[in-house]
Amino acid sequence: MTIAEIRYEEARARLDKALQQVSAEEIVSADKALSRISAQSLASAIDLPAQANAAVDGYCVSSAYLEEHPNHKFILIGEAKAGHPFTGQLKDGEALWIFTGAEMPKGADCVMMQEYCDRQGQEVSFPRIMRAGYNVRPAGENLDKGEEIIAQGEVITPAHIAQVAAAGLTHIPVRRPFRVGV
């Protein structure tokens, strides 16, 4: 049997004509998606974090009240920890002991690191004025609801998988691996 000689251009044209595009998709668990190609864009269904939370351990208050009363000794009315939010609302002149990751309570919009505060029993005072948002991580800071996590056609990386998991998603639509035969 002899092999016919053909020019490169003709061989390429024959191969192109014979090729079939594979567009099949499958849905795999996020832990099986590493290095696969995303079949479609994937967006977050939630804000991450879901609520504004403290970026440091400290005391939260109303920045407007603090600005109007810079030497005020705020009364501590409770505490908030990550996963254990304070359920009440801060009133003017009140403070809450808050830990990193804890949800910001109603009535507070800033947090002073505890190392910089003067706490005496159930009273706390602050060395300086704070603006709204000081040491607060706003809702959606890491990922906004509707924000794209993975673009269609992107190779899925460990960072993508972490974002998918953080957004509460467990599966990712991917392209089926292709097979080549000659």
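**Cut-offs at work**

Q: What makes Arg137 count as partly exposed?
A: Its relative accessibility is 24%. Buried means under 20% relative accessible area and exposed over 50%, with partly exposed in between (1.4 Å probe, protein chains only). So Arg137 counts as partly exposed. This is a predicted model: local features need pLDDT of at least 70, side-chain atom pairs count only at pLDDT 80 or more, and totals for chains, interfaces and linings use all residues. Residues are numbered from 1 along each chain as its sequence is written, and side-chain values use heavy atoms, with hydrogens and water left out.

Q: Why is the contact of Glu141 and Arg137 called a salt bridge?
A: A salt bridge needs a side-chain nitrogen of Lys or Arg within 4 Å of a carboxyl oxygen of Asp or Glu. Here N to O is 3.0 Å, so the pair qualifies. Glu141 is partly exposed, at 44%.

Q: What makes Glu26 and Arg36 a salt bridge?
A: Their N to O distance is 2.4 Å, so the criterion is met. Glu26 lies in strand β1 (residues 25-29; strands are DSSP runs of E, at least two residues, numbered from the N terminus). Arg36 sits in the loop between β1 and β2 (42-43), so the pair ties together parts 10 residues apart in sequence.

Q: Why is Arg36 called buried, but Glu26 partly exposed?
A: Arg36 has a relative accessible area of 16%, so it is buried. Glu26 has 24%, so it is partly exposed.

Q: Why is Cys117 not bonded to Cys110?
A: A disulfide needs cysteine sulfur atoms within 2.5 Å. These sulfurs are 9.9 Å apart, too far for a bond. The structure holds zero disulfides.

Conventions
Helix = DSSP H or I, 4+ residues; strand = E, 2+ residues; numbered from the N terminus.
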